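Opening a fresh page for this one. I want to go through the ligand site, the helix packing and the odd backbone spots, in that order.

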Amino acid sequence: METYPFGSGRPDPSSFPNRELAEAAMRILPELGDELARYPGSLGYEPMRKLVSERFEKREGVRLPVQEVALTTGSMQAVTLMAQTFLERPGDVVVMEEFSYSGTLGAYRKEGAELVGIPLDEDGMRMDALSDTLKDLTDRGKKPGFIYALVTFQNPTGSIMPVERRRELLQIADRFEVPVVEDHCYADTVYEDCQVPALYTLEHEVPVVHIESFSKILGPGVRLGAFTAPQPLLGEILSYRRDGGPSTLTAAIVYEYFREQMWNHVDEINTIVKEKRDLMFEMLSQFPDAFEWFSRPKGGLFIWVKLPDTTDVVACEQRAEALGIDYATGKAFHVYREDVPYLRLAFGYTKLDEIRKGIPKLAACVLETQKVEAQGVAD
Ligand SMILES: Cc1ncc(COP(=O)(O)O)c(C=O)c1O
């Protein structure tokens, strides 16, 4: 059976540099001496941390202090460490976008957090709602442990928060003295010029932790990410790290490949994925009855699609699954797990032909699963 993998946010598989990484390993491993016979320490392989800092500088215009950059097993490890650090007891609050990354929601629920959602518009988290919510929580003696923010190519909605709103977010965080965690893992998956400075680089008084990943520009199987936080917070976060430190083997090989190839690779992969995004836009727009509205993200790996309110979302998912169509349901991203009439389509991993054939099939699933309104009986 043909399959249509629109479910998870992975990069284009054909661009994964298998051979180049093998060559990089051949070059670097003999140079490592006894490094692999030692534990990496909680920050990790220094040349790779320098590269993380340079990547940040190229994008943001400022260098990250290398001694404040820690490598992680993907950004997800950093995301989880935040809950362990900032939350003290079950029921402590994390404030986040009303729709947010399902992996984070699962991790924070497992850590016993109470998740409080802030409504979004096309520019991301709404600041009036953030301010009101923080005031209400503070008045009730429930000051949040932190704000988890996806300000750049928000997952799932794809929005990018303008700089003025970013400044406002930090001012509100300062006013209520709530730390901010900026998960920036899509920062380099960009298809149109739309650079906005990271929260980390803007003026703030509360601690801002900045998280990056190599999953979206290389591959999630590599399991490499990084975060940066000011001291002494960094030391506190790392005290929750219980894995012996990030793999030197992985970091050294990726470093050796990326030290010259990172931006060529990013340009190449973004060109490939942009074509898929454009095709997905084009296909979706052919079915206005099924897809009432969809986001037009300038970067990231997802399109957020609104279905007609009358869609039976559970039946639609079952029908799609039977046809081999994989997508993520709106409910998976909703802070309060509501069965909202949305779905998220990932366009990075799938092939062009699968988009061309799969979107019409998905449209048919949506149109065939409309609930029939109860008809009033005429006298
Ligand atoms: C917002 C967000 N954060 C973190 C992750 C986890 O990525 P990683 O593979 O770097 O752990 C993802 C993956 O989809 C994500 O979308």
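Which residues of helix 3 are buried? I looked these up before anything else, keeping in mind that this is a predicted model. The buried ones are Gly-74, Ser-75, Met-76, Gln-77, Ala-78, Val-79, Leu-81, Met-82, Ala-83, Thr-85 and Phe-86. That makes 11 of the 13 residues in helix 3, so the helix is largely enclosed by the rest of the structure.

**Entry: ligand shell**

I turned to the ligand next and found 15 residues around it. Gly-74, Ser-75, Met-76, Ser-213 and Ser-215 are the closest. Which helix gives the largest share of this shell? I got helix 3, residues 74–86, with 4 residues. Gly-74, Ser-75 and Met-76 are also on my list of buried residues in helix 3. Sorting the shell by class, I noted 8 polar residues, 6 nonpolar and 1 charged.

**Entry: helix 3 against helix 4**

Still on helix 3, I checked how it packs. Two packed helices are described by the angle between their axes and the distance between the axes. For helix 3 and helix 4 (residues 102–110) I have an angle of about 35° and axes 10 Å apart. Their crossing is right-handed. On the helix 3 side I wrote down Met-76, Val-79, Thr-80 and Ala-83, which meet Gly-103, Thr-104, Ala-107 and Tyr-108 in helix 4. This contact has 5 nonpolar and 3 polar residues, and no charged ones. Met-76 turns up again here, in the contact with helix 4, having been listed among the closest residues to the ligand.

**Entry: helix 5 against helix 6**

How are helix 5 and helix 6 oriented to each other? The angle is about 10° for helix 5 (residues 127–139) and helix 6, and the axes lie 10 Å apart. Angles under 35 degrees count as roughly parallel, and the two helices are therefore put down as roughly parallel to each other. From helix 5, I listed Met-127, Leu-130, Ser-131, Leu-134 and Thr-138; they meet Arg-165, Glu-168, Leu-169, Ile-172 and Phe-176 in helix 6. The class split for this contact is 6 nonpolar, 2 polar and 2 charged.

**Entry: Ala-173**

While on helix 6 (residues 163–176), I picked out Ala-173, which is part of it. Why does Ala-173 count as buried? There are 25 C-beta neighbours inside 10 Å of Ala-173, and the cut-off for buried is 20 or more. Ignoring neighbours within four places in sequence, I found Ala-173 in contact with Ile-147, Val-178, Val-180, His-204 and Val-206. I also took one C-alpha distance: Ala-173 to Gly-300 is 26 Å, for a pair 127 residues apart along the chain.

**Entry: helix 8 against helix 10**

My last helix pair is helix 8 (residues 248–285) with helix 10 (residues 352–368), packed at an angle of about 15° with axes 10 Å apart. Helix 8 and helix 10 are therefore also entered as roughly parallel to each other. The crossing of helix 8 past helix 10 is right-handed. Glu-275, Lys-276, Leu-279, Met-280, Met-283 and Leu-284 in helix 8 meet Leu-352, Ile-355, Arg-356 and Ile-359 in helix 10. I counted this contact by class as 7 nonpolar, 3 charged and no polar residues.

**Entry: backbone oddities**

Most residues other than glycine have a negative phi, and most peptide bonds are trans. I went hunting for departures from that.

Cis bonds came up before two prolines. The peptide bond from Asn-155 to Pro-156 is cis, with omega near 20°. Pro-156 sits in the loop between strand 7 (146–149) and helix 6. Gln-231 and Pro-232 are likewise joined by a cis peptide bond, with omega about 5°. I placed Pro-232 in the loop between strand 10 (225–228) and helix 7 (233–238).

For positive phi, I noted Arg-223, with phi near 55°. Arg-223 is in the loop between strand 9 (208–213) and strand 10. It counts as partly exposed, because 18 C-beta neighbours fall inside 10 Å. Arg-337 has a positive phi as well, near 60°. I found Arg-337 in the loop between strand 14 (328–329) and strand 15 (342–346). Is Arg-337 buried or exposed? Arg-337 is exposed, with 12 other C-beta atoms within 10 Å.

Notes: Residues are numbered from 1 along each chain as its sequence is written. This is a predicted model: local features need pLDDT of at least 70, side-chain atom pairs count only at pLDDT 80 or more; totals for chains, interfaces and linings use all residues. A residue is near a molecule or strand if its C-beta atom, placed from the backbone, lies within 6 Å of it. Ala, Val, Leu, Ile, Met, Phe, Trp, Tyr, Cys and Pro count as nonpolar, Asp, Glu, Lys and Arg as charged, and the others, Gly among them, as polar. Axes are lines fitted to C-alpha atoms, for helices over the stretch in contact, and angles run from 0 to 180 degrees between N-to-C directions. Angles under 35 degrees count as roughly parallel, over 145 as roughly antiparallel, 65 to 115 as roughly perpendicular and the rest as oblique. A crossing is left-handed if the near helix is turned anticlockwise from the far one by less than a right angle, and right-handed if clockwise. Two residues are in contact if their C-beta atoms, placed from the backbone, lie within 7 Å.
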